[in-house]
Amino acid sequence: EADPENGTEQVVHAAWVLGERENHVNADIAIAQWQYYLASGDKAWLKQHGWPVIRDIARYWTSRATWNAGKQRYDILHVTSVEENYNDVPNDTFTNAEAARALTIASAAAVALGEKPDPRWVDVAGKLYLPFSAAAEHHLDMDESVRHAPGDSDLAFLAFPSLDLPMKAQVRRNDYLIATQAMGHGNRTPNTMGLAPISIAAAAAGDTAGATRWIGRNAAPDMFKPPFNVRPETASNNTGYFLTGSGGFVQSLVFGLTGLRIEAQGLVQRYPPLLPPTWKSMTLQDISFRGQHYDI
């Protein structure tokens, strides 16, 4: 969040203080601001508050991309992966995908406001490297030069509703299967922050049983700790109220089971909706979108 006087400066300064070890967080800020605009339609807010932040984050990512002449692509080097135990790595796939998304958003926001977008934004966004195995038809978690344990994967994050990286259905399915394999096909429970992406990825892949399992795991009795009955970071610790985990649980219902996504053209049915087999129905009541209210 930024105030209109100095908020942008604070965001960019924070990004630079992180130096060459930042991850995807500042791209998330740009995506969140754009999604708020898409959901509200408030162009005055976008001009005064959202655009300065989105613009300067795009400038930041443009400065962090390195042109690889030999491979005719842009790389982002020296980052902390969304898999936080991988530090100082090149081309973390989720980070690069979010950076490209932030740059694309900046161009769209400029057009919406009659501003002039930096032509480098679309160029960098279109040529940022996303590590991928063409033979196996799935993304890699990060640059193939990094020694990456087979038991680690956050590929489910690529299906997160704010990013929703476009890909073939088979690739989406393969990414999801790799993420579940990293968790022992459900034998190992991720933290509550990780349960939201995996349940949403399951729904996007059409895996009703998987979505049911992961959503159920996030609502199991051991996920709520006394004395206030709140969700912690993991089932085995008691960190106090972990807002990311609870917010993710809500997202797994609002975006996962419904298949809805916030797009420029409106609230879009991107994936077929699904329900756990023991549920009769689910209703989202009084959803506010661009000044209208809906029951879905």
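This passage describes the two largest pockets of a predicted model.

Empty space in a structure of this kind is located with a probe: rolling a probe the size of a water molecule over the atoms shows where such space is left. In the predicted model, the largest pocket has a volume of about 1300 Å³. Its lining comprises 44 residues. Those that lie nearest the centre of this pocket are Phe157, Phe160, Met193, Pro197 and Thr244. Two or more lining residues are given by each of α2 (25–40), α4 (93–113), α7 (192–204) and α9 (243–257). The largest share comes from α9, which contributes 8 residues to the lining of the largest pocket. By class, the lining of the largest pocket divides into 23 nonpolar, 13 polar and 8 charged residues.

The second largest pocket has a volume of about 310 Å³. A total of 18 residues line this pocket, and Arg101, Leu163, Asp164, Leu165 and Pro166 lie nearest its centre. At least two lining residues are supplied by α4 and at least two by β5 (260–263). With 4 residues, α4 gives the most to the lining of the second largest pocket. This lining has 9 nonpolar, 3 polar and 6 charged residues.

Helix α4 thus appears in both descriptions: it gives two or more residues to the lining of the largest pocket, and 4 residues to that of the second largest pocket.

Methods:
Residues numbered from 1 in each chain as written. Predicted model: local features only at pLDDT ≥ 70, side-chain atom pairs only at ≥ 80, totals over all residues. Heavy atoms only, no water. 1 Å grid on protein atoms, 1.4 Å probe; cavity = no way out; pocket = protein on both sides within 12 Å on 5 of 7 lines; lining within 4 Å. Points joined across faces, edges and corners; volume = space filled by probe spheres on them. Nonpolar A, V, L, I, M, F, W, Y, C, P; charged D, E, K, R; others polar.
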